[in-house]
Amino acid sequence: MSSDQTCVQCGRCCEKWGWGQKGVIEDLIPWIRESRLDILQHVSVMLANRRRCSASSISEKDLPDIIRIDYWTDPSGRALTSCPFFRRADDGKVFCRIHTAKPKVCIGFTPWNEGIRDYALNCPACRNSAP
């Protein structure tokens, strides 16, 4: 498939893959610096002492102690079954409510490059190209 496909904002990737993702420290740094508690409250981290907590309760000094990051959870740490920032507009198009601050896993996701055949075949942006 072409690497220059254009997303049609159907939301299928967010519905299927937009939750239960593992995070990276590089995402947390700007969220902490910008006090993005709206995002951090939906991120669970496990520290080296095996303590799990919400990323909203950590600071930059805690970053070296993080051994696992999970997107998306409720503020109590329970895994969500959908992305809390997913929004479907009245016209049916899907928008990310944190688009300018979304995590690397979301920024880099392109179903036409993922090699996930069952998913790519259901992506409207992929339908006009051979899998």
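**Exercise 1. Ser 44 and its partners**

Find the residue in strand 3 that is the bridge partner of Ser 44. Then find the residue that stands opposite Ser 44 in strand 2.

*Solution.*
Step 1. Asp 70 is the bridge partner of Ser 44 in strand 3.
Step 2. In strand 2, Ser 54 stands opposite Ser 44.
Step 3. Fix the terms. Helices (H or I, at least four residues) and strands (E, at least two) are DSSP runs, numbered from the N terminus. Two strands pair if DSSP finds at least two bridges between them.
Step 4. Fix the source. This is a predicted model, where local features need pLDDT of at least 70, side-chain atom pairs count only at pLDDT 80 or more, and totals for chains, interfaces and linings use all residues. Residues are numbered from 1 along each chain as its sequence is written, and side-chain values use heavy atoms, with hydrogens and water left out.

**Exercise 2. The sheet**

Work out the order of the three strands in the open sheet. Which strands stand at the edges?

*Solution.*
Step 1. Strand 1 and strand 3 (residues 66–71) are antiparallel and share five bridges.
Step 2. Strand 1 also runs antiparallel to strand 2 (residues 52–54), with three bridges between them.
Step 3. The order of the open sheet is therefore 2-1-3, with antiparallel pairing. Strand 2 and strand 3 are at the edges: each has a single partner strand, so one side of each has no neighbour in the sheet.
Step 4. On average, neighbouring strands of this sheet are turned by 25 degrees against each other, direction ignored. (Axes are lines fitted to C-alpha atoms, for helices over the stretch in contact; angles run from 0 to 180 degrees between N-to-C directions.)
Step 5. Recall the background. Strands of a sheet pair through backbone hydrogen bonds, either parallel or antiparallel.
Step 6. Look at the turn. The hairpin of strand 1 and strand 2 has four residues between the strands, and Arg 50 there takes a positive phi near 70 degrees.

**Exercise 3. Cover on strand 1**

How many residues of strand 1 are buried? Sort them by face.

*Solution.*
Step 1. Buried means under 20% relative accessible area, exposed over 50%, partly exposed in between (1.4 Å probe, protein chains only).
Step 2. Five of the five residues of strand 1 are buried.
Step 3. Val 43, Val 45 and Leu 47 lie on one side, Ser 44 and Met 46 on the other. Both faces are covered.
Step 4. Helix 2 (residues 25–33) lies across strand 1 and strand 3, at about 80 degrees to strand 3.
Step 5. Go just before the strand. His 42 sits in the loop between helix 3 (37–40) and strand 1 (43–47). His 42 counts as buried because its relative accessibility is 13%. Beyond four places in sequence, the residues His 42 touches include Asp 70, Trp 72 and Phe 85. (Contact means heavy atoms within 4.5 Å.)

**Exercise 4. The cysteines**

Count the disulfides. Is Cys 53 buried or exposed?

*Solution.*
Step 1. A disulfide is a covalent bond between the sulfur atoms of two cysteines. The test here is a pair of cysteine sulfur atoms within 2.5 Å.
Step 2. The count is zero. Cys 106 is in no disulfide: its nearest cysteine sulfur, that of Cys 83, is 6.2 Å away.
Step 3. Cys 106 has a relative accessible area of 29%, so Cys 106 is partly exposed.
Step 4. Cys 53 has 10% relative accessibility, so Cys 53 is buried. Cys 53 stands in strand 2, opposite Val 45.

**Exercise 5. The aromatic rings**

How many aromatic pairs does the whole structure hold? Classify the pair of Trp 31 and Trp 72.

*Solution.*
Step 1. Rings of Phe, Tyr and Trp (its six-membered ring) pair if their centres lie within 6.5 Å; planes under 30 degrees apart count as stacked, over 60 as edge-to-face and the rest as tilted.
Step 2. The search finds four pairs. Trp 31 and Trp 72 have ring centres 6.4 Å apart and planes at 35 degrees, so this pair is tilted.
Step 3. Trp 31 is in helix 2, and Trp 72 is in the loop between strand 3 and strand 4 (86–88), 41 residues apart.
Step 4. Tyr 71 and Trp 72 are stacked, at 4.9 Å centre to centre and 25 degrees between the planes.
Step 5. Trp 31 is buried at 2% relative accessibility. Trp 72 is buried at 2%, and Tyr 71 is buried at 2%.
Step 6. Ring pairs join Trp 31, Tyr 71, Trp 72 and Phe 85 into a cluster.
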